[in-house]
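Open your viewer and get ready to click along. Have the sequence panel visible too, as each stop on this tour asks you to select something.

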Amino acid sequence: MIREIVIFGDPVLRKKGALIDEVTDELRELVQDMLETMREADGIGLAAPQIGVGKQLAVVDVSHDPECFSYLRVDGVATPLEDIMPLVFMNPELEYGGEPDVMSEGCLSFPDIRGDVTRPYEVTAKLDLLDGRSIVIETDGLLARVIQHETDHLNGVLFTERMSTATRFSLRGKIKRMQRDFGIK
Ligand code: ZN
């Protein structure tokens, strides 16, 4: 089922999601809804708070761009992208690496807004999976960026907070108009 995506201004986007310690049928259904919702919106990532659910759960799919990273290791072993896509993860813990990297980002909770965001180029992510495993993913490039963006959502952090003051300032009017269009004060 396609869920409604929460737009910037809703307080749920500012809250830290609750850790998940049990995978129930209800949670699996939620994951299916999130995957459908992400695909319908042409997104490459979606976090549970973005559909109003305050849990540490996110989905990522960058399979449209198999060359968006230079390495991908799962538990230390080089792994093909298709083996882990779509990536559904819970309770992420990240370690950052590499140089700061600037890339234009969007966010499904900010329709039609894009801006440059600086993030570390590499990430080591400890993630819980639905099948009960905990894995460590090491990667870089766009995949590392999306994992960081979605993990931020689970901590109540939005991409605008990762932008330079100048970028944020330049988007102010556009964001106000977006909120007005969606009926958000
Ligand atoms: Zn987002």
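The tour below goes from the sheet to a helix and then to some single residues.

**Before you start**

You are looking at a predicted model, in which local features need pLDDT of at least 70, side-chain atom pairs count only at pLDDT 80 or more, and totals for chains, interfaces and linings use all residues. Residues are numbered from 1 along each chain as its sequence is written, and side-chain values use heavy atoms, with hydrogens and water left out.

**Stop 1: the sheet**

Switch to a cartoon view. Helices (H or I, at least four residues) and strands (E, at least two) are DSSP runs, numbered from the N terminus. Look for an open sheet of 7 strands, with antiparallel pairing and the order 1-2-5-6-7-3-4. Which strands stand at the edges? They are strand 1 (45-47) and strand 4 (77-78); each has a single partner strand, so one side of each is left without a neighbour in the sheet. Two strands count as paired if DSSP finds at least two bridges between them. Strands of a sheet pair through backbone hydrogen bonds, either parallel or antiparallel.

Now select residues 87-105 and 115-128, which are strand 5 and strand 6. These two pair in the antiparallel sense over 12 bridges. To see one bridge, pick E93 and its partner in strand 6, K126.

**Stop 2: strand 2**

Next, select residues 57-60, which make up strand 2. On one side, strand 2 and strand 1 pair in the antiparallel sense over 3 bridges; for example, A47 has A58 as its bridge partner in strand 2. Strand 2 is also joined to strand 5 by 4 bridges, again running antiparallel. Here L57 has M90 as its bridge partner in strand 5.

Show the side chains. In a regular strand the side chains alternate between the two faces of the sheet. In strand 2, L57 and V59 point one way, while A58 and V60 point the other way, and all are buried. Buried means under 20% relative accessible area, exposed means over 50%, and partly exposed is in between (1.4 Å probe, protein chains only).

**Stop 3: helix 2**

Select residues 141-154. This is helix 2, with 14 residues, and it reaches 21 Å from its first C-alpha to its last, close to the 20 Å expected at 1.5 Å a residue. The expected span is 1.5 Å times one less than the number of residues. Is helix 2 enclosed by the structure or left open? Since 14 of its 14 residues are buried, it is largely enclosed by the rest of the structure. Just after helix 2, click on G156, which takes a positive phi of about 75°.

Zoom in on Q148, which has its place in helix 2. At 2% relative accessibility, Q148 counts as buried. A contact means heavy atoms within 4.5 Å. Leaving aside neighbours within four places in sequence, Q148 is in contact with L94, Y96, R119, P120, E122 and V123. The side chain of Q148 also reaches the backbone oxygen of P120 at 2.9 Å.

**Stop 4: between strand 4 and strand 5**

Select T79, found in the loop between strand 4 and strand 5. T79 is buried, with a relative accessible area of 17%. A polar atom of its side chain lies 2.7 Å from the backbone oxygen of V77. Not counting neighbours within four places in sequence, T79 is in contact with L72, R73, V74 and I84.

P86 has its place in the loop between strand 4 and strand 5 too. Check the peptide bond from M85 to P86: it is cis, with omega near -10°.

**Stop 5: two aspartates**

Go to D42, in the loop between helix 1 (25-40) and strand 1. Its phi is near 60°, a positive value in a residue other than glycine, and at 72% relative accessibility D42 counts as exposed. Then select D75, in the loop between strand 3 and strand 4. D75 has a positive phi of about 50° although it is not a glycine, and it is partly exposed, with a relative accessible area of 47%.

**Last stop: the cysteines**

How many disulfides are there? The count comes to 0, where a disulfide is a pair of cysteine sulfur atoms within 2.5 Å. Select C68: its sulfur is 18 Å from the closest cysteine sulfur, in C107, too far for a bond. C68 counts as buried at 9% relative accessibility, and C107 counts as buried at 10%.

Technical notes:
Axes are lines fitted to C-alpha atoms, for helices over the stretch in contact, and angles run from 0 to 180 degrees between N-to-C directions. A polar contact is a pair of N or O atoms within 3.5 Å; within protein, one must be able to donate a hydrogen and the other to accept it, and residues adjacent in sequence count only if both atoms are side-chain atoms.
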